[in-house]
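Biologist: I should like to go through this structure by question and answer. Please show it first.

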Amino acid sequence: MRRKFNIGIFFGRFFLYLFLIVLAVICFTPFYIMIINATRSTQAINLGVSLIPGKAIVENYRTMISTLPIWKGFLNSVTIAVPSTILSAYFGALTAYGFSKFRFKGNKFLFWVVLGTMMIPTQLGIVGYFQLTVKLHLINTYWALILPSIATAATVFFIKMYIDANIDPALIEAARVDGSSEFRTFNRIVLPIAFPAVATMSILNFIYSWNNYLTPLVLLFDQNKYTLPIFITLVKGQFKQNLGAQYLAVAIAVVPILIAFTIFSKYIIGGITAGSLKE
Amino acid sequence: MRRFSIRTSNYGYLFILPFFITFLVLQLYPILYTFFLSFTGLSTADPHGSFVGISNYVKLFTDKFFLQSIINTWRIWIINFIPQLIFAIGLAAILTRDKIVGRGLFRGVYFLPNLVTAASVGILFNVLLGWKEGTINNILVALKIIPEAGKIHFLASPLWISSSVSIILWWMWFGHSMILFMAAMVAVPKDYYDAAAVDGANAWSSFWKITVPQIRPIMVYVLITSLIGGLNNFDIPFVMGEGQDLGGGGPVKSILTMVMHLYNMAFTGGRQRGYAAAIAFALFIMVLVFSLIIFRTVARGGRDTEKEIKGV
């Protein structure tokens, strides 16, 4: 087959790729500059843009760590995000299994309720939730941030779809015949099979908890208990004169997410897409 | 299937029970309680929250910061959303249909900003957008777009800071929406395009006649979720506007959003939680009304188009 060189198509393709690449640069450059500037001195940053790292990273780190307990914030965020993720994964799977493989009165209706809760933003009830946590003595504790994860609607929805498609009722019936209790069947048979779906949602839930800003800002008073995002926002007031330290603090908060994304991007994108295809 | 289901149906309730207890106590109850509080004067001055009827709701109409925050919130959302939708649909079409080398990589990079903590993004851009020392100004000077003396004071100008917030939101969300549209476009049966090609349709007309009607359900989903997120906008404008004027909100309160105002009322100063509860419900009603409008117009429009296609 002889292919004729078409100049119009060639330019079309050229500009298409140019556009895609420019857009990719726009998406990535702020992070790149953040990492580079984290290693440069404030004077160097003031003088202009650089695409190669500087030598001031140790100095920036010393300045930052002297006033900003960033690793404390890191640890606090992990302390909240890990149990939240585990609770939403386990109870999400439990709820999904209940909806998927049991027929009971109100199953459909209650599942619609679950879907409906996905549309309600946390901000709506934040004043009432604050007052409730005061009454329950959960204010200024991590419990107030962790416990609501038991009811994560998107997780239920995603895992239910997976269980619907991948677990044969005959398998559960066989377990019953063998004398396995319902609860044991869930833990020993259903949970391992549903693991890919549970893992996908867990990555998303972890990131969601990690990024959460408003609720911890409202519910935590002790600086000792602050999460990473709250600490990061403090850099604005603390190092007005030291830009390198500011960039470094933000970089420490952001780089783990960039790494997590490069490892898990396939699952993350899969998890995001599934939520929208429920119609 | 039915045989075993009947036997063990009660276990179903047991399995979904923890979810619903948590939902009722920690999610639904706080919302209803907030609704109740919106009729009280709960605040530092009135710690027991005496009943005040609808006066909190009446006050909303005379609160100039609240009215300003409505305008700000909508402006920031719309200026971000229109280009977001255009880029998302356009890119989704390019990446699903044209044979692009490095398709997965582009998809990943466009989506990346979405995952990063919004509060950190706010701080990052707060430094990048600095005036004399800001990196974005330095880049603009280096590219000779602006002269050295003409550096833009992004964070001090109401117009620039508000546009910046919109652009940051566009940057964070166009890749996310694009991924949803890509999933919808991949699901369109290839036969439709083949049939259209046989009938002599070009890429442009088959995009409008086939792709757009087919992705309408996702369009409704993206519109409504973006509207909900946009009207509840808090993290980025809060972080960027903090420390400016009294109670934050940027120069002349140009990026004070509704949820920021709610936060300021409920958790700073006189702790006017009754009034803040009324703000929350006013916001909720706004979200509900506009979601219904979107649902009615865009979703119903879709049904008409389908009829047209079938009619032909």
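Biologist: In chain A, which helix has the highest confidence?
Modeller: The model is predicted, so local features need a pLDDT of at least 70 and side-chain atom pairs count only at 80 or more, while totals for chains, interfaces and linings use all residues. Residues are numbered from 1 along each chain as its sequence is written, and chains are lettered from A and ligands numbered from 1 in the order in which they are written. pLDDT is the predictor's confidence in each residue, from 0 to 100, and chain A averages 89. Confidence in chain A is lowest in helix H2 (residues 42-47), at a mean of 83, and highest, at 97, in helix H7 (residues 143-146).

Biologist: How many helices does chain B have?
Modeller: Helices (H or I, at least four residues) and strands (E, at least two) are DSSP runs, numbered from the N terminus. Chain B has 0 strands, and its helices number 13.

Biologist: Is helix H8 of chain B largely in the open or buried?
Modeller: A residue is buried if 20 or more other C-beta atoms lie within 10 Å of its own, exposed if 12 or fewer, and partly exposed in between, with C-beta atoms placed from the backbone. In chain B, 42% of the 312 residues are buried. Of the 9 residues of H8 (residues 190-198) of chain B, however, the number buried is 0, so this helix lies largely in the open.

Biologist: Which helix gives the most to the largest nonpolar core?
Modeller: A nonpolar core is a set of buried Ala, Val, Leu, Ile, Met, Phe, Trp, Tyr and Cys residues joined through C-beta atoms within 7 Å. The largest one has 154 residues, and Ile159(A) and Phe181(B) are among those with the most contacts inside it. With 15 residues, the helix that gives the most to this core is H7 (residues 158-186) of chain B.

Biologist: Where does this core lie with respect to domain 1 and domain 2 of chain A?
Modeller: Domain bounds come from an automatic or database domain assignment. Domain 1 (7-58) and domain 2 (69-238) of chain A both give residues to the core, so the core lies between them.

Biologist: Which helix gives the most to the side of chain A that touches chain B?
Modeller: Two residues are in contact if their C-beta atoms, placed from the backbone, lie within 7 Å. The contact takes 72 residues from chain A and 72 residues from chain B. With 13 residues, the helix of chain A that gives the most to this side is H14 (residues 243-276).
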